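Subject: Structure for your review

Dear colleague,

Please find below the structure that I am handing over to you. My findings follow it, grouped by topic.

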Amino acid sequence: MEHLCLMILSLLLSVAHSRRDDRTTCKPVTASFCQDVGYTTTAHPSGAVGFNLQQIGQIVGTACSPHIATLMCRVAIPECGSEEDSRMKPCRSLCVKVKADCESALRAKRLSWPTRLQCEALPESNCVQGQEDTPVFQVDTSSCETITVPLCKNLPYNETIMPNMLRHQSQDEARLEIHQFWPLVEVECSPHLKPFLCSLYIPKCVSGKPEPPCRTLCEEARSGCYPLMRQYGFEWPKAFDCPTFTTESCESYGLTSSVCESITIPMCKDLPYNQTIFPNLLGHTSQRQAFTMMSFFNSMVQALCGGDIRVFLCRAYAPQCEGGQALQPCRSFCEKAQKQCGEKMSNFGVSWPNELQCSAFPEENCISQEDKSPKMMNAEDVLALLNAGGYSVQGKSLRLKTARLLLTLMDADNSGNLNAAEYFKLEHYVAVIRREYVESHESRNPPSVKQNQMKKAVAARGFSLDDDTFRVLWEEYCSQDGNDYDNYVSVLTKLQILKDRFQARLLTLPCDCQVASFSLKQFMKSAII
């Protein structure tokens, strides 16, 4: 049954994609001061070019004219389709009247008239004169109607009102479009998908007005269903842009708005922001899940792309949170990162990840670039990041002495500090050793590595030590019960430092000499004993 639904989903979404028109660019009006101006959708929910919504909201808040909201909203957050239809634009005479009415009030509040709003640029006829004669899609406050769309009949509410935010004028019209998504509902990619779709297409009627969709409901639905849609080559519809919805209606669905949380992902710990929020744009519902997916980059970033790429990765996987809302990276930010890194990855036969398709990122109301460079890290910083990243075993973390060894190993420029790329490499190195330790030795009580096990681990990494050298090394780091996690990491790191130094010495030889393997053994012995 699930396979059949997925096949139907692919076919229906293909048809839906081919039928999409300008309506997919329409988004709900979310500004609180523009909720009762006679329309509910716009192509610019964050404000048209040249308009500051904070300024517009302050002007509307003065109530200096009965038509101030109509004028300001229709120019700053214009009704969807008004670019081609003058009947949706405010009239020149309305603009002149409102400007005259508000001049003294704005002066008293120390507010200025928007420089972008030039009355002479507005039409003189066939336009909007005021809210009372708004020409299109006016809501009749007494027109609540019983829900007839089958998909939305078993909901906590049973009455709706039209038009909806997508400009459907009737339930029959909305039913034709919402029906395209029933296969997704059937395969249960998210329990939140059905109530979200219905809140958008068949909204709850509250006091004669449509209740706006819940942003958290949208994010939860997208988190569960977008990965499945992407498998079949489809994007999350532009009309379902979650950040444009409000959180005020979420309580009706038993949901609360997401809250900011401190960043725990190690590679994102020293950015200009320290709070994130989930789910992210990629559908990950927690930092743990995001960290697992982005760990693919831990070694690759520093090897191929350089540390700068991590700023984009962090903003995509652990977006900045302010006021309970995620600030997403812009599409241009993604495209720049892909251009910088994608070609280098392809040279090594590695593809840019499917989940980082730049077309999924917004073009407005987003972060386009990073202003602040990350700091350098000393041994104390390294230890703090490793502890925050969970690189401990049964609550026991590494010691500062071991962190200094790790820093020495990864400090390519001998600066005494690590940059971001060097730390990523260190983190990957520790993750591999920790996984090996947990899988092979954590079951002991207390967890420890016996002498013969340590000898095998050393040999497995190509460190050729004679018995005397190993015995000295063992006595330096072992405890009564064997080597614990910290000592295990220290031993392997110290040997790797010595091996790297030996190999670096070979590179300085004036000839292409082949040094016998015992030379490394002798070098190790002289350094340890």
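A residue is called buried when its relative accessible area is under 20%, exposed when it is over 50%, and partly exposed in between. Please bear in mind throughout that this is a predicted model.

Helix α2

With that cut-off, the buried residues in α2 include Leu53, Ile56, Ile59 and Val60. Viewed along the axis of α2, its buried residues occupy an arc of 120 degrees, and they therefore line one face of the helix. In general, an α-helix has 3.6 residues a turn, so residues three or four places apart point the same way. Gln54 and Gly61, by contrast, are exposed on the other side of α2. The cover over the buried residues of α2 includes α3 and α4. Just after α2, Ala63 adopts a positive phi of about 50 degrees.

The chain as a whole

The chain contains 19 helices and ten strands. Of its 529 residues, 49% are buried. Its accessible surface amounts to about 25900 Å², and carbon and sulfur atoms account for 48% of that area. As for contacts between residues at least 6 apart in sequence, 70% join residues at least 24 apart.

Disulfides

How many disulfides does the count come to? The count comes to eleven disulfides, and three of them are described here, beginning with a link that starts in the loop after α2.

Cys64 is joined to Cys102 by a disulfide with an S to S distance of 1.9 Å. This link of Cys64 and Cys102 is right-handed, with 85 degrees about the S-S bond. Cys64 sits in the loop between α2 (53–61) and α3 (68–76), while Cys102 belongs to helix α4 (residues 92–108), so the pair ties together parts that are 38 residues apart in sequence. Both Cys64 and Cys102 are buried.

A disulfide also forms between Cys91 and Cys127, with the sulfur atoms 1.8 Å apart. The link of Cys91 and Cys127 is right-handed, with 110 degrees about the S-S bond. The pair connects distant parts of the chain: Cys91 is in the loop between α3 and α4, and Cys127 is in the loop between α4 and β3 (145–146), 36 residues apart. Cys91 is buried, as is Cys127.

In the disulfide of Cys152 and Cys198, the sulfur atoms are 2.0 Å apart. The torsion about the S-S bond of Cys152 and Cys198 is about -90 degrees, and the disulfide is therefore left-handed. Cys152 is found in the loop between β3 and β4 (159–160) and Cys198 in helix α7 (residues 193–201), so the pair ties together parts 46 residues apart in sequence. Cys152 and Cys198 are both buried.

Salt bridges

Side chains of opposite charge can pair when their charged atoms come close. The structure holds 14 salt bridges, and the following pairs are among them.

Glu219 and Arg215 form a salt bridge in which the closest N and O atoms are 2.9 Å apart. Glu219 and Arg215 are four residues apart in helix α8 (residues 215–231), so about one helical turn separates them. Glu219 counts as buried because its relative accessibility is 14%. Arg215 is likewise buried, with a relative accessible area of 3%.

Arg399 and Asp486 meet through their side chains in a salt bridge of 2.9 Å, N to O. This pair links distant parts of the chain, with Arg399 in the loop between α13 (379–388) and α14 (400–410) and Asp486 in helix α18 (residues 485–507), 87 residues apart. Are the two partners buried or partly exposed? Arg399 is partly exposed at 42% relative accessibility, whereas Asp486 is buried at 5%.

The side chains of Glu475 and Arg471 also meet in a salt bridge, at 3.8 Å from N to O. Both lie in helix α17 (residues 467–477), four residues apart, so their separation is about one helical turn. Arg471 is partly exposed, at 39% relative accessibility. Finally, Arg399, Asp484 and Asp486 are joined into one network by salt bridges that share partners.

Yours sincerely

Notes: Residues are numbered from 1 along each chain as its sequence is written. This is a predicted model: local features need pLDDT of at least 70, side-chain atom pairs count only at pLDDT 80 or more; totals for chains, interfaces and linings use all residues. Side-chain values use heavy atoms; hydrogens and water are left out. A salt bridge is a side-chain nitrogen of Lys or Arg within 4 Å of a carboxyl oxygen of Asp or Glu. Helices (H or I, at least four residues) and strands (E, at least two) are DSSP runs, numbered from the N terminus. Buried means under 20% relative accessible area, exposed over 50%, partly exposed in between (1.4 Å probe, protein chains only). Contact means heavy atoms within 4.5 Å. Accessible areas come from the Shrake-Rupley method with a 1.4 Å probe; for residues, only the protein chains shown count as cover. A disulfide is a pair of cysteine sulfur atoms within 2.5 Å. The arc is that of the directions from the helix axis to the C-beta atoms.
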